[in-house]
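Biologist: I am new to this structure and would like a close look at one part of it. Please begin with a single residue and work outward from there to the elements around it.

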Amino acid sequence: MTVCLLLLSVLALTAAVPVPRALTRAAWPEREPVVALWVWQCLVATVLLCCLTALTLGAAAVFQTVRDRVFAPAPPAVTAAYDLSAAPPWATALTLLLACGAAWTTAMLARELAEARRRRGQARAHLRERAPDLPAGLPAGRGPLLVLEDEYPDAWWLPGHPAQLVVTTGALHRLTDHQLDAVLTHERGHARARHDWLLHLSTALATGFPRVPLFAHFCDQTHRLVELAADDTASRRCGHLTTALALIELNQHRGVLSCSSSHRLLGERVDRLLEPPPRLGRRHRALTTTVAALVPLLPLLITFAPGLTALS
């Protein structure tokens, strides 16, 4: 059991500190934002699984009641292989620390979801007060769409069931039909990929554990990569140039091409659309996703290795 806890700790620390720092320096995530999002999710799943399995083993070693419940269906040889009776003194402290971390993580996720639901309810109530009827002549077939009377050009999506696309009359007047189609396709890309769940998860983890490099980078990169992924969705349908022009027209008044840190991502997105980076080949993309999917299995293999050895 001691070996399992040490291996799980080493794996969790490796996935939480050096790997995310190396990933943020890599250039390929900009070319393949969807694959990069998958890799980040696999890294987070690996750390969470390491903590969960270590908590289970530690609790089974410290508490007899937990041990009886966890190993009730297992043969005696499997229980003996874990050697839970010889738990080191630090196992109790590690178990309590992991239990506190699990409770804190659950609280952060619950708070983030509750806050998101509250904000979404307030936004929908505010939109119902401001939204006029759909103006005549607006092309049909764009899905659920809400139009606001506002000279300020803007467009966004409101998560929910169903997701609501919102566009102002200022955007309708400023954008051409093709540019408007690109903007709405971008927002539908967010809705179809359920990017809101990724944003909530990354925000909750970064808020709860701000000093953990993995969670801090996961939050920053998620907010960046979801925009790049939605840009790719729009550019595949409407073209890179049309999507870039739509982004410029929609954000020109905000200083889209300025060097301000708050607007830097907009400038990077425009540059990326005007000069699309070379994409990974299918084989490299498939290999990357496959390897990333196998990484979260390592904590399970480490945890079940003694039991599998005893059964064989």
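Modeller: H200 is buried, because its relative accessible area is 13%, below the 20% under which a residue counts as buried. The model is a predicted one, and this value, like those that follow, is computed from it.

H200 belongs to helix α10, which covers residues 195–208. When neighbours within four places in sequence are set aside, the contacts of H200 are E112, L113 and A116. One of these, A116, is 84 residues away from H200 in sequence, yet the two C-alpha atoms are 7.9 Å apart in space.

The next step outward is the sheet. Three strands make it up, in the order β1-β3-β2; the sheet is open and its pairing is mixed. Strands of a sheet pair through backbone hydrogen bonds, in either a parallel or an antiparallel way. At the edges of this sheet are β1 (145–148) and β2 (155–158), each of which pairs on one side only. Direction ignored, neighbouring strands are turned against each other by 25° on average. Strand β3, residues 164–168, runs antiparallel to β2, and four bridges join the two. W156, for instance, has V166 in β3 as its bridge partner.

Two helices lie across this sheet. Helix α7, residues 90–130, lies across β1, β2 and β3 and runs at about 125° to β2. Helix α9, residues 177–193, also lies across β1, β2 and β3, but runs at about 25° to β2.

A record can be set beside this region. UniProt, in an unreviewed entry, places the feature "domain: Peptidase M48" at residues 147–196. In the model, the C-alpha atoms at the two ends of residues 147–196 are 21 Å apart, and this span is 50% helix and 22% strand.

Further along the chain there is a pair of helices, α11 (residues 213–238) and α12 (residues 240–251), whose axes come within 7 Å and cross at roughly 125°. That angle makes α11 oblique to α12. On the α11 side the contact is made by D231, A234, S235 and C238, and on the α12 side by H240, T242 and T243. By type, the residues of this contact are two nonpolar, four polar and one charged.

Another pair is found at the start of the chain. Helix α1 (residues 2–16) packs with helix α2 (residues 18–25) at an angle of about 25°, and their axes are 3 Å apart. The two helices are therefore roughly parallel to each other, since angles under 35 degrees count as such. L13, T14, A15 and A16 of α1 meet P18, V19 and P20 of α2. The residues of the contact of α1 with α2 divide into six nonpolar, one polar and no charged.

Last comes the whole chain. The protein contains 15 helices and three strands. Its C-alpha atoms fill a box of roughly 75 × 45 × 35 Å along the principal axes. Of its 312 residues, 42% are buried, and H200 is one of the buried residues. Among contacts with a separation of 6 or more, 68% are between residues 24 or more positions apart.

Note on methods. Residues are numbered from 1 along each chain as its sequence is written. This is a predicted model: local features need pLDDT of at least 70, side-chain atom pairs count only at pLDDT 80 or more; totals for chains, interfaces and linings use all residues. Side-chain values use heavy atoms; hydrogens and water are left out. Axes are lines fitted to C-alpha atoms, for helices over the stretch in contact, and angles run from 0 to 180 degrees between N-to-C directions. Angles under 35 degrees count as roughly parallel, over 145 as roughly antiparallel, 65 to 115 as roughly perpendicular and the rest as oblique. Contact means heavy atoms within 4.5 Å. Ala, Val, Leu, Ile, Met, Phe, Trp, Tyr, Cys and Pro count as nonpolar, Asp, Glu, Lys and Arg as charged, and the others, Gly among them, as polar. Two strands pair if DSSP finds at least two bridges between them. UniProt positions are given in the numbering used here, feature names are shortened, and annotations may be inferred rather than shown by experiment. Buried means under 20% relative accessible area, exposed over 50%, partly exposed in between (1.4 Å probe, protein chains only).
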